[in-house]
Amino acid sequence: WGHRQLQCLSVATKIEVGRLLELRHSSFVGTGVGADMEVRERITIEEQDHRSIVTKNVMVKNHRLPWVLVPLIWFISRFGKPVKEDSLKSMCESKTAGS
């Protein structure tokens with residue numbers, strides 16, 4: 001949530017080595033964040049044409065955002081340009097280049 005400091009409980013809910021990592025973040029503590037908010041992250045790795053495709057999906061429940069903003073946020077996250085380099089992508093690419 002921006003540059004706010006917050007704490008939460010993070011639990012790995014599903015792990016398939018080399019293929020899937022699913023995390024659930026809950027019990028948030030911080031300014032402007034509801035304690036009932038829940039974030040689920042799902043990171044998958046698939047092989048396609050001798051390349052690894054990494055996909056990260058994030059789902060947020062009880063975010064307390066006005067519903068009018070939700071489609072706008074989806075559109076920006078889907079079609080917008082990144083502001084800074086994606087650390088997960090650069091980490092994966094550096095591992096590939098080093099192999």
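Start with the lining of the largest pocket: select strand 1 (6-16), strand 2, strand 3, strand 4 and helix 1 (69-79), since each of these supplies at least two residues to it. Keep in mind as you click around that this is a predicted model. Now colour helix 1 on its own; helix 1 gives the most to this lining, with six residues. In total, 31 residues line the largest pocket, and the space inside comes to about 1,600 Å³.

To centre your view, pick Lys-56, Val-58, Ile-73, Ser-77 and Arg-78, the lining residues that lie nearest the centre of the largest pocket. Then colour the lining by class: you should get 16 nonpolar, eight polar and seven charged residues.

Next stop, strand 3. Select residues 38-48 and bring in the partners one by one. On one pairing you have strand 2 (residues 20-30), antiparallel to strand 3 over six bridges. A handy marker here is Leu-23, which stands opposite Glu-41 in strand 3. The other pairing to show is with strand 4 (residues 51-61), also antiparallel, where eleven bridges do the joining. For a marker in this pairing, click Glu-46 and look across to Ile-53 in strand 4.

Follow strand 3 into strand 4 and you go round a hairpin with two residues between the strands. Stop at Asp-49 in that turn and check its phi: the angle is positive, about 50 degrees.

Now go back to Glu-38, in strand 3. Is Glu-38 buried or exposed? Its relative accessibility is 17%, under the 20% cut-off, so Glu-38 counts as buried. Show side chains and you'll find the one on Glu-38 making a polar contact with the side chain of Arg-40, at 3.1 Å. Widen the selection to what Glu-38 touches, leaving out residues up to four places away in sequence: you pick up Arg-24, His-25 and Phe-28, along with Met-59, Val-60 and Lys-61.

Last stop, the second largest pocket, with a volume of about 510 Å³. Which elements should you select for its lining? Take strand 4 and helix 2 (87-98), each of which supplies at least two residues. The lining has 15 residues, and the ones to zoom in on are Ser-52, Val-54, Leu-88, Lys-89 and Cys-92, which lie nearest the centre of this pocket. Colour this lining by class as well and it splits into five nonpolar, five polar and five charged residues.

Definitions and conventions. Residues numbered from 1 in each chain as written. Predicted model: local features only at pLDDT ≥ 70, side-chain atom pairs only at ≥ 80, totals over all residues. Heavy atoms only, no water. Helix = DSSP H or I, 4+ residues; strand = E, 2+ residues; numbered from the N terminus. Buried < 20%, exposed > 50% of the residue type's maximum accessible area, 1.4 Å probe, protein only. Polar contact = N/O pair within 3.5 Å; in protein donor to acceptor, adjacent residues only side chain to side chain. Contact = heavy atoms within 4.5 Å. Pairing = 2+ DSSP bridges. 1 Å grid on protein atoms, 1.4 Å probe; cavity = no way out; pocket = protein on both sides within 12 Å on 5 of 7 lines; lining within 4 Å. Points joined across faces, edges and corners; volume = space filled by probe spheres on them. Nonpolar A, V, L, I, M, F, W, Y, C, P; charged D, E, K, R; others polar.
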